[in-house]
Amino acid sequence: MVRDLEGQMVGRRITGVDLPFAAEVKYPDPLEFRDRVVGRTVNAISRRGKYAAFQLDGADVLIIHRGMTGSLFLRNSSDPQEAHIRVLFRLDDGRELRFNDPRKFGSVLLMERSGLERPLPWLRMGPEPLDDEFDAATLRRALARRTALLKPLLLNQSVVAGLGNIYADEALHLARIHPQRRADTLSTHETKRLHAAIRTVLAEAIAGRGTTFSSYRDYEGREGDFQHRLRVFGRTGAACPRCGTAIIKLVVGGRGTHMCPRCQKV
Ligand SMILES: [Zn+2]
């Protein structure tokens, strides 16, 4: 999503902001938000964990987390409006970046890039899984200090950034590790498998342009493609692609969790 938007939006100036649901803006207050955003140019778009970061000219960064169901659409201003637009940015080329968020779990923030104004939301987040600094030794050190169950720990972003429910299940299956293992019980070999699996799953999902399990759409409204290649997520009762055993679903840390009882032994 970020790569697409960067190709479309860098160099564009934001000429207006509509806030049909101002509570989606978590910081600063809506009036100040609009004041600081309007007139700014998008210099770059990056990503940290699940946050998209629009680097504006000047000192500020516009931060958007899509929540569970949010989508960012780039449309012409004459295109019909989607039903759940919460924040809308008008651009100087006649297009609009529309944040459509049916369940309102998303968040939009603007703060100084320095992080001095407020700690940036990723201050305590673990490393980026696809960066060089995230290696198997780093993962091993992080897990060795934790007694939490593996799956909830992967979801809380502190050990590694960016994994959500789908990709955590997929990575644990590929690594052949039970989601309820205690983090500090993983062997060096298992940690290496998990590290490789996290990278493989994310690289495949990005190459597949995302996973549309329920609501994900790209900036033009198209579905991703990775849902057709999931190994376990959402496949309860279907055959494990590795061993043919029926996939089961558990609840781990309050989240639906899909796994193969044969490949992922307790
Ligand atoms: Zn299996």
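This briefing walks through the fold of one protein chain, from its overall build down to a few unusual backbone spots. Keep in mind that what you're looking at is a predicted model. The chain contains six helices and 11 strands, and it is divided into domain 1 (2-112) and domain 2 (136-259).

**Overall size and shape**

- Picture a box of roughly 55 × 40 × 30 Å along the principal axes: that's what the C-alpha atoms of the protein chain fill.
- A compact globule of 266 residues would have a radius of gyration near 18 Å, and the 20 Å of this protein chain agrees with that.

**Two domains and where they touch**

- The centres of domain 1 and domain 2, taken over C-alpha atoms, are separated by 29 Å.
- To the contact, domain 1 brings 11 residues and domain 2 brings nine residues.
- On the domain 1 side, helix 1 (2-9) and strand 6 (71-76) are the elements that give two or more residues.
- Strand 6 gives the most to that side, with four residues.
- Sort the domain 1 side by residue type and you get four nonpolar, four polar and three charged.

**The five-stranded sheet**

- Here the strands line up in the order 2-9-5-4-3, making an open sheet with mixed pairing.
- Why do strand 2 (25-27) and strand 3 each have one side without a neighbour in the sheet? They stand at the edges, each with a single partner strand, so one side is left free of a sheet neighbour.
- From one strand to the next, this sheet has an average twist of 25°.
- Helix 2 (residues 30-37) packs on the sheet, where it touches strand 2, strand 5 and strand 9 (107-112), and its direction makes about 65° with that of strand 9.
- Helix 1 lies across strand 3 and strand 4, and it runs at about 175° to strand 3.

**Two hairpins, with strand 4 in both**

- Strand 3 (residues 42-48) and strand 4 (residues 51-56) run antiparallel and are joined by six bridges.
- One pair to look for is Arg-47 with its bridge partner Ala-52 in strand 4.
- These two strands form a hairpin with two residues between them, and Gly-49 in the turn has a positive phi of about 55°.
- Strand 4 also runs antiparallel to strand 5 (residues 60-65), with five bridges joining the two.
- Which residue in strand 5 stands opposite Phe-54? That would be Leu-62.
- Tyr-51 has a bridge partner in strand 5 as well, namely His-65.
- Strand 4 and strand 5 make a hairpin too, with three residues between them; Gly-58 in its turn has a positive phi of about 90°.

**The four-stranded sheet**

- Another open sheet has four strands in the order 1-7-8-6, paired antiparallel.
- Strand 1 (14-18) and strand 6 stand at its edges with a single partner strand each, so each has one side without a neighbour in the sheet.
- The twist here averages 20° from one strand to the next.
- Strand 1 is joined to strand 7 (residues 85-91) by four bridges, and the two run antiparallel.
- In strand 7, Phe-89 is the bridge partner of Val-17.

**A pair of crossing helices**

- Two packed helices are described by the angle between their axes and the distance between the axes.
- For helix 3 (residues 136-144) and helix 6 (residues 188-207), the axes come within 9 Å and cross at roughly 115°.
- This crossing of helix 3 and helix 6 is right-handed.
- On the helix 3 side, the contact is made by Ala-136, Leu-139, Arg-140 and Leu-143, while helix 6 supplies Thr-188, Thr-191, Lys-192, Leu-194 and His-195.
- The residues of this contact divide into four nonpolar, three polar and two charged.

**Backbone spots worth a look**

- Zoom in on the peptide bond from Tyr-27 to Pro-28: it's cis, with omega near -10°.
- You'll find Pro-28 in the loop between strand 2 and helix 2.
- Gln-157 is a residue other than glycine with a positive phi, near 75°.
- Where does Gln-157 sit? Look in the loop between helix 4 (150-155) and helix 5 (165-175).

Notes
Residues are numbered from 1 along each chain as its sequence is written. This is a predicted model: local features need pLDDT of at least 70, side-chain atom pairs count only at pLDDT 80 or more; totals for chains, interfaces and linings use all residues. Two strands pair if DSSP finds at least two bridges between them. Domain bounds come from an automatic or database domain assignment. Two residues are in contact if their C-beta atoms, placed from the backbone, lie within 7 Å. Ala, Val, Leu, Ile, Met, Phe, Trp, Tyr, Cys and Pro count as nonpolar, Asp, Glu, Lys and Arg as charged, and the others, Gly among them, as polar. Axes are lines fitted to C-alpha atoms, for helices over the stretch in contact, and angles run from 0 to 180 degrees between N-to-C directions. A crossing is left-handed if the near helix is turned anticlockwise from the far one by less than a right angle, and right-handed if clockwise. The radius of gyration is taken over C-alpha atoms; the globule rule is 2.2 Å times the number of residues to the power 0.38.
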